Amino acid sequence: MSLMDSILAGLSLVGNLESFLALFAGVVIGTIGGAIPGMSATMAVALTLPFTFAMQPITGILMLLGVYKGGIFGGSIPAILIKTPGTPASSATVLDGYPMAEKGEAGRALGMALWASCTADVISNLSLILFAGFLASFALNFGPPEFFTLILFSLTIIAGVSGRSLLRGAFSAMLGLLLATVGLDLIYGTNRFTFGNPNMMGGLNFIAVLIGLFAIPEILSMVWDPKGNDGTARKLGRNWVTWADYKASFRSIVRGSFIGVFLGSIPGIGAAPSAFLSYSEARRKSKNRDNFGKGEIEGVAAAEAGNNGVAGATLIPLLALGVPGDVITAIIIGAFMVHGLQPGPMMFIMNVDIIYGLFIGLIVSSVFLFFVGSAAIRGFRYVADIPRGVLVPGVLILCVYGVFAVNNNIFDVGVMFVMGWVGYLMMRNEIPAAPFLIAFILGPLLEDNFRQSMLMSGSNPLILFRGPITWFFWGLTAITVVAIVRAGYRATRQLRKREARAADAR
Amino acid sequence: MQNIHRQTIIGGVAILLALFLVFVAIPNWVYAPSNVRKLVLSPLFWPYALALLTLLVGLGLVFTGMRSDERLEPDPAEMPGGFFRLAIMAVIMVIYMAGLPRLGMVWTSMLAFAATAFLVRTRHPKTALICAIVIPLLLYAFFAHVAGVAIPQGLLVRLP
C-alpha cells in the first residue's frame with residue numbers, strides 16, 4: 001500500500017462527522033477535566049474510557065486522544081490562575097505563570113500557554129507520523145527474545161523515573177507483575193491465584209484496576225482532606241498575548257517541543273520532566289534569564305511546549321512497539337484492547353487505515369485545541385467553582401458506572417474499590433502507581449515472550465542474548481539502572497551535606 | 001515508631017509478601033500439570049521468579065531505609081478527623097457494593113452520592129442533593145439506552 005493509499009484509507013475511516021465530533025468532545029472534556037483542581041488529565045481519560053465502548057474503535061480512540069491533548073493543556077489554566085497545577089505536567093508552568101497572574105497578566109500567560117501548546121502539539125504529531133512507521137518497520141524484525149528485553153527495559157525505566165526511588169518503583173512494578181499472573185496460565189490453562197472464583201479466571205479487569213489506581217485514591221485524598229487545594233482564581237487582566245510575544249519565545253517553544261518529542265518517545269519519562277527540562281534550557285539560553293521565576297512569558301511558553309511536545313510522541317512507542325510511554329497511553333492501550341486491536345508493528349500492516357486515521361485525527365486535534373482552549377481560558381471561573389462536595393461523589397458514581405459497563409459485572413466494581421485502597425496506600429507512602437499499572441499491562445506480554453523464548457531454545461536462557469537488538473536493550477537497561485542509582489546516591493549525599501551544614505549553622 | 005523509616009517499613013512489607021508468596025500462596029493457589037518437564041516452562045516459574053525479585057527489592061528497601069532520613073509520620077489533614085472520614089468512606093463503599101444487586105445501581109448511587117457529599121461536608125447541600133438524583137439517572141440513561149449496558153435494576157423499583 002502506497003503512502004497516498006494509506007492516507008486515503010485513513011481519511012475514509014475518519015472523514016465523517018461522528019469522528020470529528022468525538023474528537024472535539026474529547027478535547028472539551030479533557031480541557032475541562034484538566035482545568036478542574038483535584039482532577040487530572042489521567043483521571044479524565046480513565047473516566048471517559050467506558051463511554052467509548054459503544055463507539056466505533058477509531059471514534060472511541062480519537063475521543064480519548066482528544067481528552068489527552070485537552071487535559072494536558074487544561075492543567076495549565078489552574079496552574080496560572082490559582083497556582084494549582086491541574087496535572088503534574090503543568091507544575092513548571094506555575095513558576096512563571098502565577099507571578100504573571102499576580103501582575104494582572106493572567107490572560108497573556110494563558111494565551112501564550114495555548115499558543116505554545118498548539119505549536120508543540122503540531123510538532124509532536126508530525127514527529128509521530130514521521131517516526132512511528134519507521135520504528136514499526138524496524139520492530140517487525142523482533143522475535144520473542146527481543147520483545148522480552150524491550151519490555152524489561154521499558155519497565156526498568158518506568159520504575160526508575162516514576163517516583164522518588166528506583167526501589168519503590170521496582171516494588172510497585174513487582175506488585176503489578178504479580179497481579180497480572182492472576183487468572184489462567186497462558187500455556188497450560190491451569191489456575192493461578194483464582195481461588196476457584198470464575199470471575200478471576202480471565203485475570204483482573206484492566207479498567208477496574210486502572211480506575212481503582214488512578215481515580216479512587218484521588219477521591220480518598222479529598223475525603224482525607226476536603227479543604228485542600230482551595231484557591232482564589234486571579235483575573236485574566238486586559239493584556240493578551242501578541243504576535244511579538246510569540247515570535248520572541250519561538251525558539252524556546254521549538255526547543256521545548258523537541259525536548260518533549262525526545263523524552264516522550266522514551267517509555268516512562270512523561271510530560272513533567274520534559275516541561276522542567278524545557279524550562280531550564282529556556283532559562284539558560286534566554287536573554288531575559290534574570291526575569292525567569294518572576295513572571296517571564298518565555299518561561300510559560302517553554303514549560304507548556306515541553307509538556308505538550310510529549311503528547312504525540314508518547315504514542316510512538318505505543319503504536320510502533322505496543323509499549324505504553326506513560327500512564328495515559330497505558331489507558332489508551334486499554335481502549336485498543338477493548339476493541340480487539342493490539343498496538344504494535346503488526347498494526348501497521350493489518351490496520352493501516354486505523355493508524356493513518358489516528359494521524360489525521362491528531363493533526364485536527366491541534367486545531368480543535370486552539371479554539372477550545374481559547375474558550376476555556378475565559379470560562380475557567382465556572383469550572384473552578386464546581387464545589388468539591390459535588391465533584392467527589394460525582395467522580396465516585398462515574399467510576400462505578402464506568403467499571404460496571406466493561407463486563408456488566410459487579411465483581412469488577414469490587415476490584416476497583418480494593419485497588420483504590422491499594423492505590424491510596426501507595427500514594428500515602430510515595431510509591432508510584434504508574435509502574436504498577438504499566439507492569440500489570442505488560443506483565444502477560446513479558447511472561448509470554450519469555451516462555452516463547454524458552455520454548456524456542458529448549459529452555460536455554462542464552463537465547464535472551466541472541467543478537468545485537470537484545471544486547472542493545474540489555475545495555476540500555478544496565479545504563480538506566482546505573483544512571484538512576486547514581487543520581488539517587490548523589491541526591492542523598494547532597495541532602496546530607498546540606499543538612500550537615502544546616503546543623504553546623506545552628 | 002519515630003525511629004522507623006518509611007522505606008524500611010515498605011521493605012518489610014515487600015519481604016513479608018514475598019515470603020507469603022513463596023511458602024503459602026504459590027504452593028496452594030498456583031496449579032501446574034504434572035507432565036511439565038522443565039521448571040522454566042511451568043506455570044509456577046513466573047510467580048516464583050517474581051516473588052524472589054520482590055524479596056530482593058524488599059531487602060534493598062530495608063537496607064536503604066536504614067540510611068534514609070524520611071520519617072513515618074503522616075501529613076496531618078487540614079480538617080481534623082481524616083481517619084474517621086476514611087473509615088466512613090470504606091463503609092460507604094461496602095454498602096454500595098452490597099446494595100448494587102439488591103437496590104439497583106441507580107438508587108444505590110443516589111444514596112452513595114448523598115452520603116459522600118455530606119461526608120466531605122459540602123457547602124452546597126441543595127446542589128448536592130439535586131446532583132445525587134440527576135447524575136445517576138443521566139448515567140443510567142446513557143449506559144442503558146445508548147451504550148446498551150444492562151444496568152442492575154434491583155428488586156424494588158425498576159426504571160424504563
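## Where the two chains meet

How many residue pairs are in polar contact across the interface of chain A and chain B? In this predicted model, the answer is eleven residue pairs. Salt bridges are another matter: the count between chain A and chain B is zero.

Let's look at who takes part. On one side, 68 residues of chain A are in contact with chain B, and on the other, 74 residues of chain B are in contact with chain A. Together the two chains bury an area of about 6,300 Å² between them, and carbon and sulfur atoms give 76% of that area. Three residues are worth finding in the structure: Phe193(A), Trp224(A) and Tyr401(A). They supply 13% of the area that chain A buries against chain B, more than any other three residues.

## Which elements of chain A touch chain B

Several elements give two or more residues to the side of chain A that touches chain B. Among them are helix 9 (166-180), strand 2 (191-192) and helix 11 (216-224) of chain A. Further along the chain, helix 19 (388-407), helix 20 (410-428), helix 21 (434-457) and helix 22 (468-505) of chain A also belong to this list.

Which helix gives the largest share of this side of chain A? It is helix 19 of chain A, with 14 residues.

## A serine in a loop

Now find Ser459(A), in the loop between helix 21 and helix 22 of chain A. Is Ser459(A) buried or exposed? Its relative accessibility is 17%, and buried means under 20%, so Ser459(A) counts as buried.

Leaving aside neighbours within four places in sequence, Ser459(A) is in contact with Met454(A) and also with Lys38(B), Val40(B) and Leu41(B). Another serine, Ser90(A), is 369 residues from Ser459(A) in sequence, and the two are 48 Å apart in space, C-alpha to C-alpha.

## Cysteines without a bond

A search of the whole structure finds zero disulfides over all chains. Why does Cys399(A) form no such bond? The closest cysteine sulfur, in Cys131(B), is 16 Å from the sulfur of Cys399(A), and a disulfide needs the two sulfur atoms within 2.5 Å, so the pair is too far apart for a bond.

Cys399(A) counts as buried because its relative accessibility is 0%. Cys118(A) counts as buried too, at 9% relative accessibility.

## The domains of chain B

Chain B has been assigned domain 1 (6-66) and domain 2 (82-146). The C-alpha centres of these two domains of chain B lie 39 Å apart.

Technical notes:
Residues numbered from 1 in each chain as written. Chains lettered and ligands numbered in written order. Predicted model: local features only at pLDDT ≥ 70, side-chain atom pairs only at ≥ 80, totals over all residues. Heavy atoms only, no water. Buried < 20%, exposed > 50% of the residue type's maximum accessible area, 1.4 Å probe, protein only. Domains from an automatic or database assignment. Contact = heavy atoms within 4.5 Å. Buried area = accessible area lost by both parts, 1.4 Å probe. Salt bridge = Lys/Arg side-chain N within 4 Å of Asp/Glu carboxyl O. Polar contact = N/O pair within 3.5 Å; in protein donor to acceptor, adjacent residues only side chain to side chain. Helix = DSSP H or I, 4+ residues; strand = E, 2+ residues; numbered from the N terminus.
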